Amino acid sequence: MPAETSLTGRFDGKVVLVVGASVGIGAAAARLFSELGAAVVLASRNMEATRALADELVGLGRQAAAVEADVGHDGDVERAVAVAVERYGGLDAAFNNAGIQGPARPLAEQSDVDFDRILNVNLKGIWRSMRAELPELIDRGGAIVNTASVGGLIVAPGISPYCASKHGVIGLSRGRRSTTRRRCA
Ligand SMILES: NC(=O)c1ccc[n+]([C@@H]2O[C@H](COP(=O)([O-])OP(=O)(O)OC[C@H]3O[C@@H](n4cnc5c(N)ncnc54)[C@H](O)[C@@H]3O)[C@@H](O)[C@H]2O)c1
């Protein structure tokens, strides 16, 4: 059976938040969640592309909302979660995908400013997102998927701040899983 057929309707009645949804992997995931039946809340910094994607999905007769959110700022993902709750009645899944790579140069030539900016978006942004989403997700038995990278398993030359941030994303994601087990025990 083709994957499209087996997954059809899989997300009917579900509400999915995609953070970092304007282009690339996030936009592709948002299209897929929508195609499979979910109401999608699209959060990103790039509002022109995010609104265009929401309009495209609404034009197909689906439920989609665009929300301006910078994961580098406290409170922005909370606003996106509030849209999911107020407009669609709750939150069933979140895909935390926002990320930046930063400049490619040897570690000794990386600046504090770039290190802080990359960690603030890639790692603290996931932290902020999970903290905002979990209160809505837990009672609905929801799920969070965080985008890491192969750079979360190895350190590629020239992008050590990015790789450090993605190692942290894997750690945060593992931490949530063990916390769930303890809650259920
Ligand atoms: N493309 C790859 O080869 C690759 C490989 C490994 C991991 N990744 C990871 O996958 C994710 C998506 O990558 P992509 O290639 O689609 O990137 P992209 O640059 O095409 O898209 C990134 C998305 O994140 C959003 N974003 C960036 N900073 C943000 C912020 N501060 N607040 C809110 N939204 C923000 C952008 O608006 C965009 O929607 C990233 O986390 C990236 O690190 C990508």
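These legends go with close-up views of a predicted model.

**View 1. The largest nonpolar core.**
Start with the 24 residues that make up the largest nonpolar core; Leu 17, Val 41, Val 77 and Leu 91 have the most contacts inside it. Three strands each give two or more residues to this core, namely E1 (15-19), E2 (39-44) and E3 (64-68), and so do the helices H4 (76-88), H5 (112-122) and H6 (124-137). Helix H4 puts in the largest share, with 6 residues. As a general point, nonpolar side chains in soluble globular proteins tend to be buried together.

**View 2. Around Leu 17, and on to a second core.**
Which residues does Leu 17 touch once its neighbours within four places in sequence are left aside? Val 41, Ala 43, Val 77, Ala 80, Val 81 and Leu 91 are in contact with Leu 17, and so are Ala 93, Ala 94, Phe 95 and Glu 133. There is also a second, separate core, made of 16 residues, with Val 16, Ala 29, Leu 53 and Ala 54 among them.

**View 3. The ligand and its surroundings.**
Here we've got 21 residues around the ligand, and those that come nearest are Ser 22, Ile 25, Ser 44, Asp 70 and Tyr 162. Look for the side chain of Asp 70: one of its N or O atoms sits 2.8 Å from a nitrogen atom of the ligand. At Val 71 it's the backbone that takes part, with an N or O atom 2.9 Å from a ligand nitrogen. Asn 97 also uses its backbone, where a polar atom is 2.9 Å from an oxygen atom of the ligand. On its own the ligand has 820 Å² of accessible area, and the protein covers 72% of that.

**View 4. Arg 31 with Glu 56.**
The count for this model comes to 6 salt bridges, and this view shows the one where the side chains of Arg 31 and Glu 56 meet, at 2.9 Å from N to O. Arg 31 belongs to helix H2 (residues 24-35) and Glu 56 to helix H3 (residues 47-59), so the pair, 25 residues apart, links distant parts of the chain. Are these two side chains buried or exposed? Neither label fits: Arg 31 is partly exposed because its relative accessible area is 35%, and Glu 56 is partly exposed too, at 34%. In general, side chains of opposite charge can pair when their charged atoms come close.

**View 5. Asp 92 with Arg 140.**
Another salt bridge brings together the side chains of Asp 92 and Arg 140, 3.1 Å from N to O. Both partners are in loops: Asp 92 in the one between H4 and strand E4 (93-96), and Arg 140 in the one between H6 and strand E5 (143-146). With 48 residues separating them, they link distant parts of the chain. Asp 92 counts as buried because its relative accessible area is 11%, under the 20% cut-off. Arg 140, at 37%, is partly exposed.

**View 6. A salt-bridge network that includes helix H5.**
Zoom in on Arg 117 and Asp 114, which form a salt bridge with their closest N and O atoms 3.0 Å apart. Both residues lie in helix H5, 3 residues apart, or about one turn of the helix. Arg 117 is partly exposed, with 39% relative accessibility, whereas Asp 114 is buried, with a relative accessible area of 12%. The pair doesn't stand alone: salt bridges with shared partners join Arg 105, Asp 114 and Arg 117 into one network.

Key
Residues numbered from 1 in each chain as written. Predicted model: local features only at pLDDT ≥ 70, side-chain atom pairs only at ≥ 80, totals over all residues. Heavy atoms only, no water. Core = buried A, V, L, I, M, F, W, Y, C linked by side-chain atoms within 4.5 Å. Buried < 20%, exposed > 50% of the residue type's maximum accessible area, 1.4 Å probe, protein only. Helix = DSSP H or I, 4+ residues; strand = E, 2+ residues; numbered from the N terminus. Contact = heavy atoms within 4.5 Å. Near = heavy atom within 4 Å. Polar contact = N/O pair within 3.5 Å; in protein donor to acceptor, adjacent residues only side chain to side chain. Areas by Shrake-Rupley, 256 points an atom, 1.4 Å probe, with all protein chains shown as cover. Salt bridge = Lys/Arg side-chain N within 4 Å of Asp/Glu carboxyl O.
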